[in-house]
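Please look at the structure below, and keep its chains in view while reading the briefing. The notes go from one chain, to the pair of chains, to the DNA strands.

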Protein chains: 2
Amino acid sequence: MSLPHLILGLLSDQPMSGYDLNKAFHQSVQHFWTVDQSQIYRALYKLHEQGNVDVELIEQSDNPDKKVYHVTKAGEMMLEDWLKTPLAEPPVREGWLGQIHFADHIDDETLIENLLCYRQEMNDRYQVLSALRERILANVGDVEKIPRRYRLRLLTLDYGIEVHKFHLGWFDRAIGQIRKNTTRS
Amino acid sequence: MSLPHLILGLLSDQPMSGYDLNKAFHQSVQHFWTVDQSQIYRALYKLHEQGNVDVELIEQSDNPDKKVYHVTKAGEMMLEDWLKTPLAEPPVREGWLGQIHFADHIDDETLIENLLCYRQEMNDRYQVLSALRERILANVGDVEKIPRRYRLRLLTLDYGIEVHKFHLGWFDRAIGQIRKNTTRS
DNA sequence: CGATACTATATGTACATACATATATAGAAG
DNA sequence: CTTCTATATATGTATGTACATATAGTATCG
């Protein structure tokens, strides 16, 4: 389970409320982690209970009051321990591959329609990530001089872009192969 | 959710017991779907309740009696419908990328150790899949003459191999980049 | 003044899965 | 004759997540 650790990572960048964390997840971390708002508050409650975060109630006049969370020393240790330890391999579960595996129940045309739909989704996400990378690089003068912290973050974004590019290529090759075999038979 | 559909796919190849299904999952489908034995029996119960599979009690003298499941017409329709419909994009959840993203809390050496561990796992799985592919191709004379059904299955295996190859390359590039920046600073 | 949207936190509940464990038959090995 | 392994099915329960919904303060727009 990585959610509480990712929360600690974001909070160590900057103390935030649950509401802000939700926005941060949908902005800076969206390419490798998906969350539901309700998970964040529950995770925050648990982290506080365990002493890994502190709470500070901020009274606001222009908006409802908020609870701003800070990482404690215990929380920083929890984060570091997690960063040092390789995660257990997540279970493989790719339903779309299952659809191809058992696609002898449908015809090539339908299969290709399906694959083109997946290709489209891939391409959409690829475009989003590429655009994000362009925006970031435009704000940076010399790529070689990016501080370590941001270099590592760029690396995860680059992964997202490259893996999507790989998938686009694979879908094209797969569709091409299926088409070739359709016309041949 | 894909599990019941994958069960239907396997059963339409050949009627089987839950015990056999479990083995089939760990053999022919292991590169894209992970199951726990307990899920299979519960899924089978539900599929039967819905009329998508029939049960046949086989009394055995050399082994405990077993229940062999057959796909019904309703089940075949359920499978086909699923095959025709693109799945909702699964949530992105890559904890190891989160570890890299927040790796400014640890040093390069520790990070690289961690990445090498992931690379090792990737390589292990890559070897397994490649060996499986070799074994399959050895049993097939002319690659061009594989029937459609098995061509599609080989395609999913090829995906597994290629995506692992991609990851191996990415890890090497990432580690190389991190090393280069370590020595420079 | 009312409608709408944004900020902010919280809970109820269902689902898929993971992990542990129970139970029982039958063959093989020692 | 006991132990071990394989076959075979089943249930209890915890966990992480998803989806829906509740509540309420504040600001803006017409």
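What follows is a short briefing on this structure, grouped by topic.

The model is predicted, and it is worth keeping this in mind throughout. Chain A has seven helices and two strands, and 50 of its residues are in contact with 50 residues of chain B. Around DNA strand C there are 25 residues, while 26 residues lie around DNA strand D.

**Chain A on its own**

- Read from the N terminus on, the elements of chain A follow the order α-α-α-β-β-α-α-α-α.
- The radius of gyration of chain A is 22 Å, well over the 16 Å that the globule rule gives for 185 residues, so chain A is more spread out than a compact globule.
- Taken along the principal axes, the box filled by the C-alpha atoms of chain A is roughly 70 × 40 × 40 Å.

**How two helices of chain A pack**

- In general, a pair of packed helices is described by the angle between their axes and by the distance between those axes.
- For H1(A) and H3(A), the angle is about 85 degrees and the axes are 10 Å apart.
- Because angles of 65 to 115 degrees count as roughly perpendicular, H1(A) and H3(A) are described as roughly perpendicular to each other.
- The residues that meet are A:Leu3, A:Pro4 and A:Ile7 on the side of H1(A), and A:Gln39, A:Ala43, A:Leu44, A:Lys46 and A:Leu47 on the side of H3(A).
- By class, the contact of H1(A) with H3(A) is made of six nonpolar residues, one polar residue and one charged residue.

**How chains A and B are related and meet**

- In general, two copies of a chain are related by a rotation about an axis together with a shift along it.
- Here, a turn of 180 degrees and a shift of 0.0 Å along the axis lay chain A on chain B with an RMSD of 0.0 Å, and the two copies are thus related as by a two-fold rotation axis.
- The C-alpha of chain A nearest the axis belongs to A:Phe166, which lies 3.8 Å from it.
- In the contact between the chains, 50 residues of chain A touch 50 residues of chain B, and the elements of chain A that give two or more residues to this side are helix H1 (3-13), helix H4 (73-84), helix H5 (95-101), helix H6 (108-139) and helix H7 (148-184).
- H7(A) gives the most to the side of chain A that touches chain B, namely 14 residues, and this side as a whole has 24 nonpolar, 14 polar and twelve charged residues.
- The copies meet through the same surface, because 100% of the interface residues of chain A are also interface residues in chain B.

**The surface near DNA strand C**

- Among the 25 residues that surround DNA strand C, the closest are A:Ser17, A:Tyr19, A:Ser38, A:Lys66 and B:Ser38.
- H3(A) provides the largest share of this surface, with four residues.
- The surface near DNA strand C comprises eight nonpolar, eleven polar and six charged residues.

**The surface near DNA strand D**

- Of the 26 residues around DNA strand D, those that come nearest are A:Ser38, A:Asp62, B:Ser17, B:Ser38 and B:Lys66.
- Two or more residues each come from helix H3 (37-49) of chain A and from helix H2 (18-27), helix H3 (37-49) and strand E2 (66-71) of chain B, and H3(B) has the largest share, four residues.
- Sorted by class, the surface near DNA strand D holds eight nonpolar, eleven polar and seven charged residues.

Key:
Residues numbered from 1 in each chain as written. Chains lettered and ligands numbered in written order. Predicted model: local features only at pLDDT ≥ 70, side-chain atom pairs only at ≥ 80, totals over all residues. Near = placed C-beta within 6 Å. Nonpolar A, V, L, I, M, F, W, Y, C, P; charged D, E, K, R; others polar. Contact = placed C-beta atoms within 7 Å. Least-squares fit on C-alpha atoms with pLDDT ≥ 70 in both. Axes fitted to C-alpha atoms, helices over the stretch in contact; angles between N-to-C directions. Parallel < 35°, antiparallel > 145°, perpendicular 65-115°, else oblique. Rg over C-alpha atoms; globule rule 2.2 N^0.38 Å.
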